[in-house]
Amino acid sequence: MKQYRFPPRLIRLRDAPSYMGIDRNKFNKLVRPHLTEIPLGKQAIAFDTIEINSWIDDYISCNGRRLKV
């Protein structure tokens, strides 16, 4: 994934799975159906990082668990 001085608001489909730390198949199956696809030109698709982060927060609240120390 490309390094930026500040995080971009939109990221392309090719970068979204690595942004989340998952593989492309898992992204397409679990996450992509819940996100708004933003067309960039004729072929490129982007996703809003705020919406991705919100999905992550929801996923953690439903599926995460705290480690017992």
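**Notes on a predicted model: Thr49, Arg9 and two aromatic pairs**

1. A good place to begin is Thr49, which sits in helix α3. This is a predicted model, and in it Thr49 counts as buried because its relative accessibility is 7%, below the 20% cut-off. The side chain of Thr49 comes within reach of the backbone oxygen of Pro8, at 3.3 Å. If neighbours within four places in sequence are set aside, the residues in contact with Thr49 are Pro8, Arg9, Ile11 and Tyr19.

2. Arg9, one of those contacts of Thr49, is worth a look of its own. Arg9 belongs to the segment that comes before β1 (10–12). Is Arg9 buried, exposed or partly exposed? Its relative accessible area is 49%, so Arg9 is partly exposed; the exposed class starts over 50%, which may be handy to remember when you read that label.

3. Which residues does Arg9 touch, beyond those up to four places away in sequence? They are Phe47, Asp48, Thr49 and Ile50. With Asp48 there is also a polar contact, side chain to side chain, at 2.8 Å. For a sense of scale, Arg9 and Arg65 are separated by 56 residues in sequence and by 29 Å in space, C-alpha to C-alpha.

4. Now to the rings. Searching the whole structure turns up two aromatic pairs. One of them joins Phe27 and Phe47 in an edge-to-face arrangement, with 5.5 Å from centre to centre and 75° between the planes. Phe27 is part of helix α2 (residues 24–31) and Phe47 is part of strand β3 (residues 44–48), so this pair ties together parts that lie 20 residues apart in sequence. Phe27 and Phe47 are both buried. Phe47 is also among the residues that Arg9 touches.

5. The pair formed by Trp55 and Tyr59 is stacked, at 5.1 Å centre to centre and with 15° between the planes. Both residues lie in helix α3 (residues 49–63), four residues apart, or about one turn of the helix. Trp55 has a relative accessibility of 17% and therefore counts as buried. Tyr59 counts as partly exposed because its relative accessibility is 41%. Helix α3 is also where we met Thr49.

6. Stepping back to the overall fold: how many helices and strands does the protein have? There are three helices and three strands, and along the sequence they follow the pattern β-α-α-β-β-α. The C-alpha trace spans about 50 × 30 × 20 Å along its principal axes. Of the contacts between residues at least 6 apart in sequence, 43% join residues at least 24 apart.

7. A few whole-protein totals may help if you plan to set up a calculation. Buried residues account for 26% of the 69 residues; Thr49 is one of the buried residues, as are Phe27 and Phe47. The protein exposes about 5900 Å², and 51% of that comes from carbon and sulfur atoms.

8. Last, the charges. The protein carries 13 positive and 7 negative side chains. How far apart do the centres of the two sets lie? They are 5 Å apart. At the level of single residues, the contact between the side chains of Arg9 and Asp48, at 2.8 Å, is the one to look at in the viewer.

Technical notes
Residues numbered from 1 in each chain as written. Predicted model: local features only at pLDDT ≥ 70, side-chain atom pairs only at ≥ 80, totals over all residues. Heavy atoms only, no water. Buried < 20%, exposed > 50% of the residue type's maximum accessible area, 1.4 Å probe, protein only. Contact = heavy atoms within 4.5 Å. Areas by Shrake-Rupley, 256 points an atom, 1.4 Å probe, with all protein chains shown as cover. Lys, Arg positive; Asp, Glu negative; His and termini not counted. Charge placed at Lys NZ, Arg CZ, Asp CG, Glu CD. Polar contact = N/O pair within 3.5 Å; in protein donor to acceptor, adjacent residues only side chain to side chain. Phe/Tyr/Trp six-rings, centres within 6.5 Å; stacked < 30°, edge-to-face > 60°.
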